[in-house]
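Thanks for coming. I will go through one structure today, a few elements at a time, and then finish with some backbone details.

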Number of protein chains: 2
Amino acid sequence: MPHFVSLDTYDVRFPTSLELDGSDAMNPDPDYSAAYVVLRSDNSDAPEGHGFAFTIGRGNDVQTAAIAALRPYLVGRDVDAVLADLGGFWRELVHDSQLRWLGPEKGVMHMAISAVVNALWDLKAKRAGLPLWQLLAQLSPEELVDLVDFRYLTDALTRDEALEILRAAEKGRAERIETLLATGYPAYTTTPGWLGYDDAKLRRLCQEALDAGFGQIKLKVGADLADDIRRLRIAREVCGPDFPIAVDANQRWDVSEAIEWVSALAEFNPWWVEEPTSPDDVVGHAAIAKGIAPIPVATGEHVQNRIVFKQLLQLDALSYLQLDATRVAGVNENIAILLLAAKFGVPVCPHAGGVGLCELVRHFSMFDYVAVSGTMDNRVIEFADHLHEHFVDPAVVRDGRYVAPVLPGFSATMRPETLSDYAYPDGPIWSGRQ
Amino acid sequence: MPHFVSLDTYDVRFPTSLELDGSDAMNPDPDYSAAYVVLRSDNSDAPEGHGFAFTIGRGNDVQTAAIAALRPYLVGRDVDAVLADLGGFWRELVHDSQLRWLGPEKGVMHMAISAVVNALWDLKAKRAGLPLWQLLAQLSPEELVDLVDFRYLTDALTRDEALEILRAAEKGRAERIETLLATGYPAYTTTPGWLGYDDAKLRRLCQEALDAGFGQIKLKVGADLADDIRRLRIAREVCGPDFPIAVDANQRWDVSEAIEWVSALAEFNPWWVEEPTSPDDVVGHAAIAKGIAPIPVATGEHVQNRIVFKQLLQLDALSYLQLDATRVAGVNENIAILLLAAKFGVPVCPHAGGVGLCELVRHFSMFDYVAVSGTMDNRVIEFADHLHEHFVDPAVVRDGRYVAPVLPGFSATMRPETLSDYAYPDGPIWSGRQ
């Protein structure tokens, strides 16, 4: 019986601020980073589990320390026993009474649990010889609900209701897997839309997005209204009047400001308005959704856990749910979120970009299509064409669609030279800059 | 001009789990801990600024690392300039785009900012020769609102409305300071109510609370309904039918469970029901408040920031607001919370206990009395008689009332021997136990 012998962490950072990739109204100069974890067992022939939490630079050391603090919960444990009950292990970490005080269920400690839980799923999928989405898609409805913690959800979604949703989607699983392998899943691109790009670059990148076959783009807004109007006009000129163009304010506004600002952009017919205000403000999101209707609200990349998603759904505060792969506590909590979205009939369009998020979230959308919602209608996965070269199983988009990953695992594994070259602060990429 | 030369951190833990002090339905075995910080300048004669974030054990190292990550934001800065604009410094830390990704405004990183902000206020009050509550109470309404960040609040409280509240309370400040110095502020005690105590100890401690002059007690509930009924019956026998007895579920329930459980306790006439469910669930709190009315809901010790408090108030989801000194981002954010509570006419009854929280929160209630709400009606500060001996300016309760602190500062300073004796894991208290 193999046992876990190590939980190793890596502070990996990419100097993306030099290029203004990723600049938006709230995040002018991100250095995309990963607080990265590798789980190893005493069977040296067995695969390793890889996972990470995504951050944008400073504080990645704190995030890495939080992951390291979970070492005693795993090292020495029986690998088979842990992997056989990942629902139980999730509860053990998330409800550890002392760690819980540091959240509860939010922020640095929750993201640390995310990294470790995702690394365990990576390991489980590698051992099963399946990409994560297929591993999840072959679990029974009962096995899937056992992975979910329904605490604090039962006023919106019970275990029985979740079972019903999953059972209803059992029929047709095999055909949908074939469809995914043949045609992939729709993507949209944020590449044209960063605030740091000039108008000529915006125009060129909009055209490139069309040429590449994307069916939707997204522009950052919220720093300056006149700029937003000018940039949206350019995008509309290039893309045409009916092409889906979403806008993203990255939490820049208060409630009334959001309603006024979006009203001023209404002539450009935004496909959705993303993160109009604080991700903590479910009441504010509801007021904004009502105030800007019929323009839809999207949010989720900073939503801390399933409990906040539950309320956004209960209050009709969002029309597109943008789950994130490393902010909530990993695969298990994202299954809960997919089930909540299905219950309320809201499409899930995951947040991606950064580093490694595209690699991870495609598994959730594909699992959702096969085994939860059963549809791709009105659903897209975000794509940003950055940093994929650092991954062993990179996200691939062809003709505007994510290709279904087929390598075993959760696609979190970075190339070994990336872990050493981009190590902060002592790797060669950084040591010359300090 | 003095400059900050160091930000030193200390991982300080007390082995309270050995005594079952502090045991409740969610936290069976806390080791009360402080991620402690000391700010020093190059003027060695000048006072130091002390602050801390409270945790309950495991993870205090992560919390300490998060505080240390703020070192570059302070060391080298001009002390006078930082202290002259603590509103600006607060915004600089809280809205740092890269650190913000780790929250935003919640969990480990927000608590780290709390510790540093509170240490700066401790230093400012020491330099002014005043206890913090008096320093705040002599600021003008304009100076006070400059300390507050109204971002995400303006749909509930604008700067002008806050000014109006503060101006209305200007008259009578001097008399209220005299009243506080003469008679203190009402306290209630949680000492009898921990779940780990047997019935005889509960009965004895209830009687001792009465004898000590407390006007309210609180019992932990939520682990076992039959136990709760038995324990409340004992408390009622000792305290009489009309004595205020609050109950505290420490987030144990889902929404419908909370309503059912509290209904089963209604015959004991709970003064309030504290933390019935997840602190993130403002919609759930509103449903519970409606479902158990007229029994009031209290919450706040785990509420992550002013934005969540705003929503609880907007939804009529709480009747008593229990701010915490070290979970939100320090003095500045607690001023915002006091103003929100005043706007909605909800009394603030701070969370205390743990280690050092009694020492800190008395300053907020006293400032509130002098300069914000202007009243002590229906207001009490929690008191638990643990670990005060470790502080240079300990909380003192006499005849059931907090004595107003008079020493300069924010009362956060621990005795030097505590910092060394309880250092984790190498201090003498711990090194023998590992």
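What covers the buried residues of helix 14 of chain A? Before I answer, note that this is a predicted model.

The cover includes helix 13 (255-265), strand 7 (273-274), strand 8 (297-299) and helix 15 (306-314) of chain A. It also includes helix 14 (282-292) and helix 15 (306-314) of chain B, so part of the cover comes from the other chain. Helix 14 of chain A runs over residues 282-292, and 8 of its 11 residues are buried, so the helix is largely enclosed by the rest of the structure. The buried residues are A:Val282, A:Val283, A:Gly284, A:His285, A:Ala286, A:Ile288, A:Ala289 and A:Ile292.

On the annotation: the unreviewed UniProt entry places a domain, "Mandelate racemase/muconate lactonizing enzyme C-terminal", on residues 199-295 of chain A. In the model, that span is 52% helix and 10% strand, and its end C-alpha atoms lie 25 Å apart.

Next, helix 9 of chain A, residues 159-168. Its buried residues are A:Ala162, A:Leu163, A:Ile165 and A:Leu166. These cover an arc of only 160° around the axis, and therefore sit on the same side of the helix. The face turned away from that side carries the exposed residues A:Asp160, A:Glu164 and A:Ala168. What do the buried residues of helix 9 of chain A pack against? They pack against helix 8 (141-146), helix 16 (330-344) and helix 17 (357-372) of chain A.

Back to contacts between the chains, this time from a single residue. B:Gln98 is in helix 5 of chain B, residues 97-100. With a relative accessibility of 3%, B:Gln98 counts as buried. Which residues does B:Gln98 touch, leaving out those up to four places away in sequence? They are A:Asp29, A:Pro30, A:Asp31, A:Ile56, A:Gly57 and A:Arg58. With A:Arg58 there is also a polar pair: the side chain of B:Gln98 reaches the backbone nitrogen of A:Arg58 at 2.7 Å.

Now the strands of chain B. In strand 3, residues 49-55, 7 of the 7 residues are buried. In a regular strand the side chains alternate between the two faces of the sheet. Here B:Gly49, B:Gly51, B:Ala53 and B:Thr55 point one way, while B:His50, B:Phe52 and B:Phe54 point the other way, and all are buried. Strand 3 of chain B pairs with strand 2 (residues 33-41) of chain B in the antiparallel sense, over 7 bridges. Within that pairing, B:Val37 has B:Gly51 as its bridge partner.

Strand 5 of chain B, residues 217-220, has parallel neighbours. B:Ile217 and B:Leu219 point one way from the strand, B:Lys218 and B:Lys220 the other, and all are buried, lysines included. With strand 4 (residues 185-193) of chain B, strand 5 runs parallel and is joined by 2 bridges. In that pair, B:Gly193 is partnered with B:Leu219. The chain gets from strand 4 to strand 5 through helix 11 (residues 199-211) of chain B, in a right-handed β-α-β crossover.

Strand 6 (residues 245-248) of chain B also pairs with strand 5 in the parallel sense, over 4 bridges. B:Lys220 stands opposite B:Asp248 of strand 6. Strand 5, helix 12 (residues 225-239) and strand 6 of chain B make a right-handed β-α-β unit.

Last, the backbone details. Most residues other than glycine have a negative phi, and most peptide bonds are trans. Four places in chain B are worth checking against that.

Two are cis peptide bonds. From B:Gly103 to B:Pro104 the bond is cis, with omega near -15°, and B:Pro104 is in the loop between helix 5 and helix 6 (107-128) of chain B. From B:Ala293 to B:Pro294 the bond is cis with omega near 10°, and B:Pro294 is in the loop between helix 14 and strand 8 of chain B.

The others are positive phi values. B:Tyr152 is not a glycine, yet has a positive phi of about 70°. B:Tyr152 lies in the loop between helix 8 (141-146) and helix 9 (159-168) of chain B. Is B:Tyr152 buried or exposed? It is buried, with a relative accessible area of 1%. B:Leu387, also a residue other than glycine, has phi near 65°. B:Leu387 is in the loop between strand 10 (381-383) and strand 11 (397-398) of chain B, and counts as buried at 12% relative accessibility.

Technical notes
Residues numbered from 1 in each chain as written. Chains lettered and ligands numbered in written order. Predicted model: local features only at pLDDT ≥ 70, side-chain atom pairs only at ≥ 80, totals over all residues. Heavy atoms only, no water. Buried < 20%, exposed > 50% of the residue type's maximum accessible area, 1.4 Å probe, protein only. Arc of directions from axis to C-beta. Contact = heavy atoms within 4.5 Å. Polar contact = N/O pair within 3.5 Å; in protein donor to acceptor, adjacent residues only side chain to side chain. Pairing = 2+ DSSP bridges. Right-handed = clockwise from strand over helix to strand, strands pointing away. UniProt positions renumbered as here; feature names shortened; annotations may be inferred.
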